[in-house]
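Hi,

Here is the structure I promised to pass on. Have it open while you read, and my notes follow right below.

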Amino acid sequence: MIRKLLSRWPLIQQLRTGCDGTGVEAMTDRTRNLQPKTTGAEAARSVCPYCGVGCGQLVFHKAGKLVSIEGDPESPISRGHLCPKGADTYELHTHRGRLKTVRYRAPYSRSWTEIPLEDAMDMVAQRVWETRKKSFEVSRHGQSLMQTTALAHLGGATLDIEENYLIKKLFTAGLGMVCLSNQARI
């Protein structure tokens with residue numbers, strides 16, 4: 001029995017075969033049967049959320065749960081490689097310290113409170129509309145303006161040119177903003 005147990009030990013197999021210990025002789029039954037964590041997971045293509053380069057990512061998910069995020073080898077931009085920030089995208093989403101509620105500090109308050117996301121979105125929309133109403137100029141010196149300079153928008157690099165075009169139309173034609181900038185990839 002001890003002889004059988006020792007014969008399965010990788011060191012004994014390595015000594016018996018004269019191999020260098022980098023092949024199957026170095027594997028135990030456990031390591032021989034290991035599977036990648038992405039086995040059986042579906043992959044969705046995405047773009048890294050950090051800078052404006054637009055590196056491709058594969059987002060692996062299984063049963064509604066995020067499994068892994070890796071570089072997309074078919075991406076013509078990054079060819080499967082990610083920078084340290086992009087490689088850490090998985091932890092950005094799954095870290096136990098990540099806030100999952102909206103924290104709000106009322107004017108002149110010394111403490112933060114947690115509010116539902118829907119309430120926070122309503123507060124932002126209300127403040128945008130109030131600012132527009134207060135600062136909207138229909139005309140100046142007889143010239144038609146139809147604009148506000150009290151609001152601005154900075155677009156993100158993770159959006160493509162079509163999405164940024166629609167955002168530009170919403171903010172310029174819809175709200176009258178003239179202060180717009182983005183780092184769209186073309």
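What follows is a short tour of a sheet and two of its residues.

First, some ground rules: this is a predicted model, where local features need pLDDT of at least 70 and side-chain atom pairs count only at pLDDT 80 or more, while totals for chains, interfaces and linings use all residues. Residues are numbered from 1 along each chain as its sequence is written, and side-chain values use heavy atoms, with hydrogens and water left out.

**The sheet**

Look for an open sheet of 3 strands in the order 1-2-3, with antiparallel pairing. Strands here are DSSP runs of E with at least two residues, numbered from the N terminus, and two of them pair if DSSP finds at least two bridges between them. Strand 1 (42-47) and strand 3 (65-71) are the edge strands, as each pairs on one side only. On average, neighbouring strands of this sheet are turned by 30° against each other, direction ignored; the axes behind that angle are lines fitted to C-alpha atoms, and angles run from 0 to 180 degrees between N-to-C directions.

Now zoom in on strands 2 and 3. They run antiparallel and are joined by 6 bridges. Leu58 has Glu70 in strand 3 as its bridge partner, and Phe60 has Ser68 in strand 3. The two strands make a hairpin with 2 residues between them, and Ala63 in the turn has a positive phi of about 55°.

**Gln57**

Gln57 sits in strand 2 (residues 56-62). Is Gln57 buried or exposed? Its relative accessible area is 1%, so Gln57 is buried (buried is under 20%, exposed over 50%, partly exposed in between, using a 1.4 Å probe and protein chains only). What does its side chain reach? One target is the backbone oxygen of Gly86, at 3.2 Å. The Gln57 side chain also makes a polar contact of 3.0 Å with the side chain of Thr89. Polar contact means a pair of N or O atoms within 3.5 Å; within protein, one must be able to donate a hydrogen and the other to accept it, and residues adjacent in sequence count only if both atoms are side-chain atoms.

**Glu70**

Over in strand 3 you'll find Glu70. Glu70 counts as partly exposed because its relative accessibility is 34%. Its side chain has a polar contact of 3.2 Å with that of Ser68. Leaving out residues up to four places away in sequence, Glu70 touches several others, including Lys37, Gln57 and Leu82 (contact means heavy atoms within 4.5 Å).

Cheers

How values were computed. Helices (H or I, at least four residues) and strands (E, at least two) are DSSP runs, numbered from the N terminus.
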